[in-house]
Amino acid sequence: MNRKSRNREDTMRKLPLTLAILGTTAMTAPVFAQELELPIVDEPLELTVHMHWPRAQGYGPGGDTSKIYPVEEVAREKTNIHLVDQTSGRNTTDNAEAMNLLLAAGDLPDIVGGNLIKQPVNQYGPEGAFVPLNDLVEEHAPNIKAWFEEHPEIWDAIAAYDGNVYYIPYLPDGKYARAWFVRQDWLDALGLERPDNVDELHDVLVAFRDQDPNGNGLKDEIPFFVRDWEEVLRLLNLWDARSTGADVYHEFYVNDEGQIVHPYAQEAYRDALANVAQWYDEGLIDPEVFTRGSSARDYLLGENLGGMTHDWFASTSGYNVALADKVEGFNFIPFLPPKSASGQRIEENRRIPMKPDGWAITYANEHPVETIKYFDFWFSEEGALLANFGVEGKTWNMVDGEPIFTEEVLGSGQPVNSQMYLEGAQVYRGYPQDYRYEWQWTRDSAREGIELYDTEDLLVDQFLGVSFNQDEQEVYDRYWPSIQTYMLERQQAWILGSGDVQEDWDAYIEAINKMGYEDVLEVMNSAYARQYGG
Amino acid sequence: MSADLDPAIGRTEELVVEAREAQRSRRPGSLQRVGDHLKREWQLYVMLIPTVLWLLIFLYKPMYGLQIAFKDYSIFRGVAGSPWIGFEHFQTLFGNDQFLRALKNTIIISFYGLLFGFPMPILLALMFNEILNQTFKKSAQTIVYLPHFVSSVIIAGIVITAFSPSAGIVNTIMGWFGIEPIYFLTKPEWFRPIFVGTGVWQEAGFQSIVYLAAIAGVSPTLYESAVVDGASRWQMMWKITIPSILPTIIIMLIIRIGNMLEVSFEMIILLYQPATYETADVVNTFIYRQGIQGGQYDLAAAAGLFNAVVAFVLVMTANTISKRYSRTSLW
């Protein structure tokens, strides 16, 4: 009861600080937005940065902070702002743990950046740890402002529960992530067409199971396999149910009425799961799907056993090259998602347009205006090219108005992204990614697949998440982990055949309601309405 | 009379009495006595320092943080700055069916672990003790120690492969007898046997070292006199070896009981599935999912504190029972 008042007290205590910062910005603020002027400051200005992300723990090539990224050198030259590493938790690769260390130590650098910063920044921003960026962006960051004016829903999505924005996100580009893949050479061997709907898909999988497409005389084929067992749930789409609402598994989604609901509490799910269980029972789905793990694709394709999967475009296409010598005639190609029972064709999995990664300004930063201008630099044309492709003339050149990687970069045998990470490009600073960067080193077979998927409107909207206030967070934390645990337990049991989803359904719904499902939906929807203007 | 035969005995007594008298007559102040004691035994205290420091830094200082079990903890506000909320986290825990299930599973799995895992190293040690061929003994020991040094991730990989329905050795052997393959790792009823069995296989060899050391400490004269009396090896084991190492066994048992709730949860995380949560989910995995992944450190601390209290009660009980019935105890 007095938790709330306690909280307010806390905010009050920190309010003067926030006000002071806002005050200074207000005084120096011009009335209208202006073009970004370079350099941002006349005298070099050093800002400390925490940059903890999967590829490097620290702001330097591969996490070696004694060296300076080539990209950083150019950025220093252009902006006169020098980022200096002050990363916490450099000995751990766990980004969340590093963030906790940073916050618990209390000695915040000027800029906090890296992986998975959205949740902590939006939780501790309103408590006073981070500076709200709304006014700063409005007044000093014309490029960021322009980008978000084109994508207002993303601005809504990154906001904290108090309505303020506390970080500038890393914004991935490109549409597709995973796709349906089939062994075209197996189809040819059995004289089959590519399946176009759920019934044809069933027939193809049965044929893969029974007609020995790999020709070794054994009935050892695994018709449908996946690496992460959760990918099996994509089959639910074939009977018009959803498996998730975002680019993570088991997420809520927004239904046709604009309400947030969970896919595993819908009647469509009940019927679809009954079918998935049926397919599992028929041996169409890898019987070891729950324990096969990440090596499933290597093993089942390499041993010429797997017929069909749902997996990433780029890496899955790569097997055509890798296995060309090992498996004769190997041809594993993407095909359009089969039409569902009601005739819909959707690809549920896509790239999310905004990541919980990026960077934020802390309360310890004495130069918030200069910092937001610096953030804005990475959204300008010049800065975005630098952030995406590295240093011009070194890793890329402008050819007919297109940034093209040099032969050295494309032909070095190293993946281009790994090279960029060492240059200081594609680092998880807040910047708009440019898909042209990836397209240049995407294999032809994947490109064909992407072009195939582009022929139809397959993608569904993503649920970009909500920012809870403290009371909502508490309800969610109290009920949701248990409900999800229960849902997954039942789900696996039904697929494995120890229980019948149709028979158990009423008891299941009753159980999740008793565990607080309705309360979770309520806080989800209230937060959603607040954040996206319902 | 004996004093006449062996004058040294009486002499010793005299010396002791003399020394005591001297001490009594001096009657130094307690401070001075401590000082004297320190001066005499300082080497021992120097050797004690690292352990005391370790205890203070790694066990006592963190106890300060235990208070977050009773607070609404925010990392940014810190331990001291977070508001008190009393027993709310404990109420949340005990109001959660999954926590209660995890508690039940923890106790059952630990109990099985104790039942099958505790005697095994003792048996192994006794067996090794009976092996006469040194080369065979050394290689056998190395083979049973080996799994202990393999990381849990790899052990889990071996277990998953061994119990796989298509390629696993277990199902292959069952197939020779015409038994249909079983997908063991998704069957709740199979989880505990597999987990406990893996634990025994992995640790029994290494744990037998303690008992081997205890056996090595048994005085050879006992065995020599037993041989003279014509005892068989079997009798020597029952009448000499086991009674001699009994105190070690009991101490190990008490420690083991204290650790009952500390199921090796990294192994469970590697082996369990939602399909087997019913029998596999233990308190630590529950804390991991609910607390650490969900960022609820205060709730996780509450569950951890509860674990510690239970462990304390278990150790005290085991110790008291042991003291009463076997006169062996930790303290």
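Student: Hi! Which strand of chain A is joined to β7(A) by two bridges?

Tutor: This is a predicted model, where local features need pLDDT of at least 70, side-chain atom pairs count only at pLDDT 80 or more, and totals for chains, interfaces and linings use all residues. Residues are numbered from 1 along each chain as its sequence is written, while chains are lettered from A and ligands numbered from 1 in the order in which they are written. Strands are DSSP runs of E with at least two residues, numbered from the N terminus, as are helices (H or I, at least four), and two strands pair if DSSP finds at least two bridges between them. The parallel partner of β7(A), at residues 306-312 of chain A, is β10.

Student: Why is one side of β7 and of β11 in chain A left without a neighbour in the sheet?

Tutor: The open sheet of four strands has mixed pairing and the order β7-β10-β6-β11 (chain A). One side of β7 (222-224) and of β11 (332-335) of chain A is free because each stands at an edge, with a single partner strand.

Student: At what angle to β7(A) does helix α9 of chain A run?

Tutor: Angles run from 0 to 180 degrees between N-to-C directions, with axes fitted to C-alpha atoms, for helices over the stretch in contact. Helix α9 (residues 198-210) lies across β7 and β10 of chain A. Its angle to β7(A) is about 170°.

Student: How many residues does chain A give to the contact with chain B?

Tutor: Residues are in contact if their C-beta atoms, placed from the backbone, lie within 7 Å. Chain B brings 26 residues. For chain A, the count is 24.

How values were computed: Contact = placed C-beta atoms within 7 Å.
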